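Hi everyone, thanks for coming. I'd like to walk you through one structure today, looking at how some of its helices pack and where empty space is left. Here it is on the screen.

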Amino acid sequence: MAKKRINEADIKEAQNELIKMFVDSLNIKSKKEYKQVVNALNTEEIYGPNKGRLFLELLVRMIPSNNDSIKVNRQKWSEIEKIVDAMDKHLSEFRNKTPAEYKKSYKSYLNRFFKFLRDNKNHNILSELQKGLKMNAAATAAKNALIQGFDGEIYLYSALRTKFKSRLRCQDRTSGDKIWLPLRFIAKLYSIDKKNKKKKNNPFSQWLDSLVNGISVHYDDTNTGKVSHLTFNENLSLVFTNKDKEGYDVFVWQINNGHKDEFRVLTPTGKGNQKTPMKVKSISEIDIDHVKSIDATLREKEQYLTELKKVSDFYKDMVEEEEYDENAKAEELYKKLNLPLLQKELITIGNDGLLRLMDSKYNSQKSNGETFKEIRKIADNKYIGIIEEGIKMDNYPNGNSMTLYQELTDVLSQTGNLSIAYSNSASLNGQDVNQDPNFTLKDIIDKI
């Protein structure tokens with residue numbers, strides 16, 4: 001049976017039924033007045049403009065149904081109790097900050113409502129209002145924020161890993177005169193192999209995991225005024241807060257041994273190495289930026305990608321056919337491939353790239369080319385990025401050409417600054433980093 005589609009009317013109906021159950025459970029003369037618990041939850045002096053509304057929505061999404069297993073039932077009520085505790089704690093903090101007399105009764109309504117939700121005797125009747133509503137990713141993020149005591153969303157590593165892994169899996173490169181990288185088709189090959197050989201693990205999925213764990217998040221280190229970064233790990237979370245008409249401010253949390261570090265997330269803008277505070281309306285507006293384009297990697301590494309070339313040639317021929325069964329085609333190609341060797345080639349591609357988070361509005365403005373035509377090492381820990389060469393000045397047709405470049409820096413206030421110099425200037429003298437076999441872009445990620 002198809003799941004019931006969730007809409008605002010469903011949520012509202014479930015909330016009304018929840019409040020009715022609460023009022024009906026009371027054995028006092030004034031119980032009808034306790035309907036005003038909704039108004040109490042929406043009192044800005046107590047909870048701000050959104051927390052009460054969010055709390056009710058999360059409740060009706062999270063309350064388990066009678067069809068859930070005992071384990072799931074306990075888990076869901078445990079999560080609900082955490083949210084109720086967070087709301088109750090917030091109420092206690094504001095106990096002396098609501099001077100209006102009628103607000104005192106609001107506190108009574110809230111105290112009774114929280115008691116009603118905590119009472120195990122009420123759990124069975126509450127489960128009756130569950131109409132198949134399920135927590136979605138946005139609600140989970142909102143729940144995490146609510147427990148932390150603020151309006152917004154928190155995406156834990158597990159949710160981020162799932163989201164970004166799915167996106168990477170769909171990043172086909174199937175155009176141009178290079179080797180193609182049809183990732184979704186390649187995924188079918190490894191799924192066939194796992195099924196046929198009854199493997200526990202899928203090497204392709206593990207490769208995607210390694211890509212996710214290599215994603216960097218730039219942040220503003222206010223102690224130094226410099227750009228720094230964190231790499232994805234199980235203690236990292238993205239936090240959306242301070243919402244306005246332009247969207248949320250984005251922060252990154254890193255928690256180690258109970259200690260939380262919080263930093264403002266920065267996004268590259270595509271204008272050289274410029275970075276600016278990230279502001280988005282939802283997590284869907286955060287892209288994975290390939291610092292070095294996949295196309296460049298595929299062209300440069302082509303001689304080492306022998307198995308991938310077989311996949312590419314087969315796929316190019318397949319899509320030229322008027323009709324084809326992609327699953328059957330995958331079965332056909334699977335018998336001709338050396339998947340362990342293909343796995344090594346995928347690792348080569350992943351190691352050559354560098355991934356970081358970027359606001360989608362800037363990512364959409366980027367071309368498929370490289371930000372810098374060349375990166376040169378001028379001295380120890382000093383680099384420049386060449387943007388354009390051969391620039392001629394007006395009225396000087398026979399004069400020396402100019403070069404547009406950036407001094408690559410991790411000082412936030414200086415990112416995005418441009419410089420121009422005569423092409424024979426000593427300030428441009430240096431070694432192309434591509435000529436250094438020991439150099440990787442990771443060495444200067446905060447400067448590019």
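Let's begin with a pair of helices, α4 and α5, whose crossing is left-handed. Please keep in mind throughout that this is a predicted model.

Helix α4 covers residues 51-62 and helix α5 covers residues 70-93; their axes come within 10 Å and cross at roughly 165 degrees. Angles over 145 degrees count as roughly antiparallel, and therefore α4 and α5 are roughly antiparallel to each other.

Which residues make the contact between α4 and α5? From α4 we have Lys 51, Gly 52, Phe 55, Leu 58, Leu 59 and Met 62. Facing them from α5 are Lys 76, Glu 79, Ile 80, Ile 83, Val 84, Met 87 and His 90. Sorted by class, this contact holds eight nonpolar, two polar and three charged residues.

Stay with α4 for a moment, since α4 also gives five residues to the lining of the second largest pocket, the largest share there. That pocket has a volume of about 470 Å³. Its lining counts 19 residues, and those closest to the centre are Arg 53, Ala 142, Gly 152, Glu 153 and Tyr 248. Besides α4, helix α8 (137-148) and strand β4 (236-244) each supply at least two lining residues. The classes in this lining are six nonpolar, six polar and seven charged.

Now let's move along the chain to another helix pair. Helix α13, residues 306-320, packs with α15 at an angle of about 100 degrees, and their axes are 7 Å apart. That angle makes α13 roughly perpendicular to α15. On the α13 side, the contact is made by Thr 306, Glu 307, Leu 308 and Val 311. On the α15 side, you'll find Leu 341, Leu 342, Glu 345 and Ile 349. Five of these contact residues are nonpolar, one is polar and two are charged.

Hold on to α15, because we meet it again in the empty spaces: α15 provides three residues to the lining of the largest pocket, the largest share from an element. How much space lies in the largest pocket? About 760 Å³. It is lined by 33 residues, and Lys 292, Asp 352, Asn 434, Phe 439 and Leu 441 lie nearest its centre. At least two lining residues each come from α12 (294-300), α15 (339-352), β10 (355-359) and β11 (374-379). By class, the lining of the largest pocket has 12 nonpolar, eight polar and 13 charged residues.

Last stop: the enclosed space. The count comes to one cavity of 30 Å³ or more, and about 160 Å³ of space lies in the largest cavity. Of the 15 residues lining this cavity, the closest to its centre are Leu 211, His 290, Ile 294, Ile 349 and Gly 350. You may recall Ile 349 from the contact of α13 with α15. The elements giving two or more residues to the cavity lining are α11 (203-212), α12 and α15. What classes make up the lining of the largest cavity? Nine of the residues are nonpolar, five are polar and one is charged.

That's my tour. Thanks for listening, and I'm happy to go back to any of these views.

Conventions: Residues numbered from 1 in each chain as written. Predicted model: local features only at pLDDT ≥ 70, side-chain atom pairs only at ≥ 80, totals over all residues. Heavy atoms only, no water. Axes fitted to C-alpha atoms, helices over the stretch in contact; angles between N-to-C directions. Helix = DSSP H or I, 4+ residues; strand = E, 2+ residues; numbered from the N terminus. Parallel < 35°, antiparallel > 145°, perpendicular 65-115°, else oblique. Left-handed = near helix turned anticlockwise from the far one by under 90°. Contact = heavy atoms within 4.5 Å. Nonpolar A, V, L, I, M, F, W, Y, C, P; charged D, E, K, R; others polar. 1 Å grid on protein atoms, 1.4 Å probe; cavity = no way out; pocket = protein on both sides within 12 Å on 5 of 7 lines; lining within 4 Å. Points joined across faces, edges and corners; volume = space filled by probe spheres on them.
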